[in-house]
Amino acid sequence: MKKICDLAYYYGLKMRIYPSTQQKQIIKVNSDISRTVYNKMVAIDKELYRLKQVKLPLDTVVDRISELESRKNARNMANHYQYMQDKRVDSDMMANAIKNYKNAWKLFRQVHKVGTPNFHKKSYRENYQTSTHYTKKHNMDMFSASVRFLDNKHLNLPKLGRIRVSGSYRRILDRKTDIRIGTVTISKDVADRYFVSMQLASDTPFVQTKAKTNSKVGVDLNTENFLTDSNGNQVANPRYYRTIKGKLAKQQCKLSRRQRRAIAEGRSLREAKNYQKQRRVVARLHDKIRNQRNNFLNLVSTALINNHDLVVAENLRSSNMLKNHALAMSISDVGWRTFLQKMEYKSALYGRSFITVSPKNTTQTCNNCKFTMGTKGTEKLTLKDREWTCPNCGTFHIRDINASKNILEKGLEKLAKEKEKSLA
Ligand SMILES: [Zn+2]
């Protein structure tokens with residue numbers, strides 16, 4: 001059977017699960033140990049780093065180094081710490097925690113901004129990862145391996161056993177073969193709901209690729225509205241955050257009042273029942289905002305992918321823009337970054353093209369004659385200038401439409417260059 005990385009198509013599936021009290025305990029044990037294993041790895045490497053700086057190491061230092069080195073795999077770590085030998089502990093969880101730690105280093109080497117892996121704090125969330133094992137007698141499907149569907153309402157998970165599940169996964173279940181389950185994440189969110197996420201892979205596409213539309217479009221993401229495309233269509237900003245903000249503020253006040261009271265009475269927050277109840281209320285409100293944003297972004301991105309073969313957008317300069325506070329709120333509100341991620345994912349899934357280009361001068365250049373504002377003694381356009389007339393050729397522009405046309409052109413140029421390169 002092929003390995004997951006050798007398969008051509010990927011698909012992510014997230015479903016809500018309803019564990020029993022006993023299963024909840026098992027999830028907590030595994031989540032706690034997953035975090036512990038990760039933190040042990042951080043601690044071991046921090047100590048190794050210090051020890052290896054010793055210039056003329058004594059024998060004790062050399063011994064300690066080899067002891068620590070040997071503890072850096074799941075089996076040796078479990079042998080060293082007794083509580084990791086609990087029979088509820090999923091050994092794949094430990095292997096995955098170590099793998100995630102190594103990936104964090106890999107990520108650090110690629111993008112230094114993210115920082116070296118550090119300790120994971122205890123939080124109200126729980127999560128751990130397990131793997132799906134297929135043996136020779138198993139088929140490549142979702143019904144035979146260590147993680148498997150028992151029927152369309154139940155799932156079997158390692159150490160947890162049979163668990164009830166709900167969600168929109170039934171479309172996938174219709175496919176009897178040719179799907180392999182990869183890494184599986186079991187999690188609990190701050191509002192105490194449980195989920196399972198699965199990575200699926202297959203040699204045949206999970207969705208049908210879309211028919212060609214012969215349409216290309218550039219999109220300008222801006223603050224007055226969510227986006228403007230090069231055909232002049234605009235999508236307004238969603239206002240869900242602003243409508244829910246008052247409600248959220250009120251509930252958050254209540255939460256801090258309860259926190260103060262619990263502290264004043266010398267109770268621990270984890271045991272303060274009213275505080276915990278209110279914490280979940282606030283978490284659900286945050287979750288509501290997140291869902292509304294997600295729905296909006298899904299609608300917009302799906303429409304673009306459905307209607308165009310090629311979509312070009314700007315890559316974000318969010319860290320610069322976030323310095324401006326008024327803009328910052330709109331940006332976090334509308335979630336451009338998530339939008340771009342969705343575009344990338346969906347274009348790959350449906351066989352469309354999506355590229356991003358540098359935002360340099362896209363707003364300031366006249367799409368008709370390519371004159372750039374701010375040159376030859378002209379003033380640069382400011383955020384307030386929503387409409388302008390090109391001083392060079394006299395064309396009247398609506399700023400965002402002009403920008404999205406430039407973005408589309410930049411994208412086409414980029415594609416042409418890439419094509420040239422691949423032919424050369
Ligand atoms: Zn012009």
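This briefing describes the sheet, the helices packed on it, the domains and the nonpolar cores of one protein chain. The model is predicted: local features require pLDDT of at least 70 and side-chain atom pairs count only at pLDDT 80 or more, while totals for chains, interfaces and linings use all residues. Residues are numbered from 1 along each chain as its sequence is written.

**Sheet**
- Seven strands (DSSP runs of E, at least two residues, numbered from the N terminus) form an open, antiparallel sheet in the order β2-β6-β7-β1-β5-β4-β3; two strands pair if DSSP finds at least two bridges between them.
- At the edges stand β2 (126-130) and β3 (148-151), each pairing on one side only.
- Strand β1 (residues 9-18) pairs with β5 (residues 161-166) over three bridges, and I17 stands opposite V165 in β5.

**Helices on the sheet**
- Helix α1 (residues 21-51; helices are DSSP runs of H or I, at least four residues) lies across β2, β5, β6 (180-188) and β7 (194-202).
- Helix α1 runs at about 80° to β2, where axes are lines fitted to C-alpha atoms, for helices over the stretch in contact, and angles run from 0 to 180 degrees between N-to-C directions.

**Nonpolar core**
- The largest nonpolar core (buried Ala, Val, Leu, Ile, Met, Phe, Trp, Tyr and Cys residues joined through C-beta atoms within 7 Å; buried denotes 20 or more other C-beta atoms within 10 Å of a residue's own, with C-beta atoms placed from the backbone) has 30 residues, of which V37 and V196 touch the most other members.
- Helix α1 gives the most to this core, with six residues.

**Domains**
- The domain assignment, automatic or from a database, gives domain 1 (4-202) and domain 2 (207-424).
- Their C-alpha centres lie 32 Å apart.

Key: Contact = placed C-beta atoms within 7 Å. Buried ≥ 20, exposed ≤ 12 C-beta atoms within 10 Å, placed from the backbone.
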